[in-house]
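Me: I would be grateful for a close look at one part of this model, with each technical term explained as it arises.

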Amino acid sequence: MKKFILLLPGLLCPYILLILMFCFFIINSSFIGENLPVVLLSFAALIVISIICSLIYVVLGLCRKWDSRETAFISLLIKVLQIPSYVLIFGIGCIFILTIFTYAISFILVIFDCLTIFITGLTGLLSVTRCYRDGKLTKLFAFVCGFCQFIFCIDVISAAVVYVKARSKSKPELSQTID
């Protein structure tokens, strides 16, 4: 389980953004207001660390041939755990788009969501690759699922399908193979 510590920054990143926004806009925290450049640089560093940790996780998972079922479960778990943060960030973005003064914040939230879907998509891509290498997914199905790991909403469905396939002990049937 130690290997999954690498995924904690990516998992917590959206929630940290929500906490920062809550402190800045609702509580009107003077600490964040006075140290806004430091807070923004620290958050940008967290995003970079999240991407680097996810890339390390993927490389280690491919090199060490981690279990496909375990990687598929972790991918699904991370995607499901981030659903509440995506819903809140989407709602906040919709509120901010209503006025011209906060329109830029909505655009920044869209960019942030794209970065987080990239981070979680990397873990999903690892699980798809491991399932394909273990013979639990066909090449075409693995390609489609790998692509879907980077699309909002569809990524959770794709991760669930990959997890179900990873749980199966048999290889794909000959009738499913389209190579």
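Reply: A disulfide is a pair of cysteine sulfur atoms within 2.5 Å. By this rule, the number of disulfides is zero. The model is a predicted one, in which local features need pLDDT of at least 70 and side-chain atom pairs count only at pLDDT 80 or more, while totals for chains, interfaces and linings use all residues. Residues are numbered from 1 along each chain as its sequence is written, and side-chain values use heavy atoms, with hydrogens and water left out.

The part chosen here is helix α8, which spans residues 154–167 and contains A160. Helices are DSSP runs of H or I with at least four residues, numbered from the N terminus. A160 is partly exposed at a relative accessible area of 29%; the term covers values between buried (under 20%) and exposed (over 50%), computed with a 1.4 Å probe on protein chains only. The C-alpha atom of A160 is separated by 6.1 Å from that of L76, although the two residues are 84 apart along the chain.

Helix α8 also takes part in a salt bridge, defined as a side-chain nitrogen of Lys or Arg within 4 Å of a carboxyl oxygen of Asp or Glu. D155 pairs in this way with K79, their closest N and O atoms being 3.4 Å apart. This pair links distant parts of the chain, since D155 lies in helix α8 and K79 in helix α4 (residues 68–81), 76 residues apart. Both D155 and K79 are buried. The structure holds two salt bridges; D134 and R130 also form one, at 3.3 Å from N to O.

Note on methods
Helix = DSSP H or I, 4+ residues; strand = E, 2+ residues; numbered from the N terminus.
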